[in-house]
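Me: Hi! Could you walk me through this one? I'd like to start with the core.

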Amino acid sequence: MRRFSLSCLIAAFVLLFSSAHAGESISPPQIKQQGTTKVIVSWTTERPASSRVVYSGEGTGQFSTPPYDTRTTRHEMEIVNLFPQTNYQFIAESIDDQGN
């Protein structure tokens, strides 16, 4: 499984990421803020893989997007109903056919 972690303060934008598999060819995740309660997290992988984003905000608990099991190298997940002025951490996950 490939995982990236990044943080975003909704409406005040901070972006951090780290890779659990730093030697693999994966693009750093990007966050596009869409208003004050929605973001789009996107990334690419070297091989076709599934997509999912796990996220949590200060005092909000942990949530996940539904898994997108269609294998692709370009991943884009929309996350809605976020709280304005809240710091969120997003973990982008992709799993290829070999379980990486």
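Me: Which residues of the largest nonpolar core touch the most other members?
Reply: Happy to help! Those are Val41, Val53, Ile79 and Phe90, out of the 13 residues in that core. Keep in mind that this is a predicted model.

Me: And which elements give two or more residues to this core?
Reply: That would be β4 (39–57), β6 (68–79) and β7 (87–94). The largest share, five residues, comes from β4.

Me: Back to Val41. What is Val41 in contact with, leaving aside its neighbours within four places in sequence?
Reply: Quite a list: Pro29, Gln30, Ile31, Val53, His75, Glu76, Met77, Ile79 and Phe90.

Me: Pro29 caught my eye. Where does Pro29 lie?
Reply: In the loop between β2 (18–19) and β3 (30–33). Pro29 and Val41 are 12 residues apart in sequence, and their C-alpha atoms are 6.5 Å apart in space.

Me: Is Pro29 buried or exposed?
Reply: Pro29 is buried, because its relative accessible area is 1%, and buried means under 20%.

Me: New topic: how many aromatic pairs does a search of the whole structure find?
Reply: Three. In one of them, Tyr88 and Phe90 have ring centres 6.0 Å apart and planes at 25°, so this pair is stacked; the cut-off for stacked is under 30 degrees.

Me: Are those two buried or exposed?
Reply: Tyr88 is buried at 2% relative accessibility, and Phe90 is buried at 0%.

Me: Which residues form the aromatic cluster with them?
Reply: Tyr55 and Phe63 join Tyr88 and Phe90 in one aromatic cluster. Phe90 also belongs to the largest nonpolar core we began with.

Technical notes:
Residues numbered from 1 in each chain as written. Predicted model: local features only at pLDDT ≥ 70, side-chain atom pairs only at ≥ 80, totals over all residues. Heavy atoms only, no water. Helix = DSSP H or I, 4+ residues; strand = E, 2+ residues; numbered from the N terminus. Buried < 20%, exposed > 50% of the residue type's maximum accessible area, 1.4 Å probe, protein only. Phe/Tyr/Trp six-rings, centres within 6.5 Å; stacked < 30°, edge-to-face > 60°. Core = buried A, V, L, I, M, F, W, Y, C linked by side-chain atoms within 4.5 Å. Contact = heavy atoms within 4.5 Å.
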